[in-house]
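Here are some short questions on one protein model. Each answer works toward a name or a value.

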Amino acid sequence: MTKQQINPITSLTINDEVIKARATFNFDITAEKFTQTQEDEEGKKQTIPGFNVIYNGILERNPKSIADFWECATAYLGKKVPKREDIEKALMGVIDEKEDTIELLQGALDIMNNSGFFQAEVTCLLDADESIYTYGQRGREGNNKTWNRNDEEQLQRNNGRNTLLNYSEVRQLTSQYIGYLPEEELMNLIPSEWNDWIIGRRQALIDEKESMLFMAQANGMVQAGKRLNKLQNLLERERYIVKGQEEKYELKRKQKLAHNKRIRDIQKRGTAKFYAALNKNSHRGE
C-alpha cells in the first residue's frame, strides 16, 4: 500500500502573484477580529483570542478557518494585502486541484506551530507567570475550560486587546534591548525571530558584565604577583570555539605540550651531561 505524501502548502498564487504565509505579530493583531465569546458550564462568558479560534478551527478541519488563516498570514503585506474574496478564490482553486484540504491545513499548522507564539521563551520575557506554550498544549489537548479561563486572564493583562501578546510590552522590550524599530517593521517580525534578537542582546549584556569581571580578575592576579597565562589560554581557546575549531585548538595544545616536554627532556640530558663532566674533572684534580 502506497503511503500518501503530504506537502504542506505555505504559499498561494493570488492574482497571479505567489504569496508566502507568515505568522508575524501582525497575524495576531489581525486575528483579533475573529475573537469569539462563549459561555462555560457555569454560564460565565469567556473570550477566546482570534489566534486560538483559528488554530482550533484548523485542528477541526474547518474550511472557513483556512481562509481566516490566510487573511491573517498575509497581513504583513500592508497596503498590498489581498482582498478576502481573492484569497478564497485562490483557496478554491487549490482545493479543486487537490480534491482535499489536508495540505492547506497542514501548511497552516506548520506556520502557526513554528511561529514562536507557542514558544515558552517569548513569554519568559513578557510574562514569567504563564507560558504561551500552554496555549498550544491546551489546543492540542482540547481542554477548553482551562483554556478559556487562562485566555481571559491573559486578555486582562493585554490592556483589553484580544491578542495573545501584550504589544505594549513588545515595544518596550524592543526599545530596551534592540533599540528603535519602526512600527511596521516590528509588527512584521515573526515572534521567533524577534525572540532570537532579544535573547542575543541579553546575552551580549551578560558578555559585557563577564568582560568586566574578567578584567577585575586579571587586575587582582597582577596585583598579587601572579601570571596571566591561564586567562590568556582561556581567551585563545574561546577564539577557536567561536570559529568552530575547538578540535584544532586541542590538537595545537597537545602539540605544544609535546614540544615543551621534548625541550625539558633535552634540558635534563644537557644538565646530566654537565654534572657528569663536572664530576669527571673533579676526580682528575684529586
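Q: Is Glu103 in helix H5 buried or exposed?
A: Glu103 sits in helix H5, residues 102-113; helices are DSSP runs of H or I with at least four residues, strands are E runs of at least two, both numbered from the N terminus. Buried means under 20% relative accessible area, exposed over 50%, partly exposed in between, with a 1.4 Å probe and protein chains only. At 12% relative accessibility, Glu103 is therefore buried.

Q: Which residues does Glu103 touch, beyond those up to four places away in sequence?
A: The model is predicted, so local features need pLDDT of at least 70, side-chain atom pairs count only at pLDDT 80 or more, and totals for chains, interfaces and linings use all residues. Residues are numbered from 1 along each chain as its sequence is written, and side-chain values use heavy atoms, leaving out hydrogens and water. Contact means heavy atoms within 4.5 Å. By that cut-off, Glu103 touches Gln5, Ile6, Asn7, Pro8, Ile9 and Lys98.

Q: Within what arc do the buried residues of H9 fall?
A: Helix H9 spans residues 167-177, and its buried residues are Tyr167, Val170, Leu173, Thr174 and Tyr177. Seen down the axis, they line one face of the helix, because they fall within a limited arc. The arc is taken over the directions from the helix axis to the C-beta atoms. Its value is 115 degrees.

Q: Which residues are exposed on the other side of H9?
A: One face of H9 holds the buried residues. On the other side, the exposed residues are Gln172 and Gln176.

Q: Which residue caps the N-terminal end of H9?
A: Look for a side-chain oxygen 3.0 Å from the backbone nitrogen of Ser168. The residue that supplies this oxygen is Asn166.

Q: What is the relative accessible area of Leu186?
A: Leu186 belongs to helix H10, residues 183-187. Beyond residues up to four places away in sequence, its contacts are Phe25, Val170, Arg171, Thr174, Leu181 and Trp194. The C-alpha atoms of Leu186 and Thr174 are 8.4 Å apart. Leu186 is buried, with a relative accessible area of 3%.

Q: Which residues of strand S1 point to one face and are buried?
A: Strand S1 covers residues 11-14, and its side chains alternate. Ser11 and Thr13 point to the other face and are not buried. The buried pair is Leu12 and Ile14.

Q: Which residue in S2 stands opposite Ile14?
A: S1 pairs with S2, residues 17-20, in the antiparallel sense over four bridges; pairing requires at least two DSSP bridges. Opposite Ile14 stands Glu17.

Conventions. A polar contact is a pair of N or O atoms within 3.5 Å; within protein, one must be able to donate a hydrogen and the other to accept it, and residues adjacent in sequence count only if both atoms are side-chain atoms.
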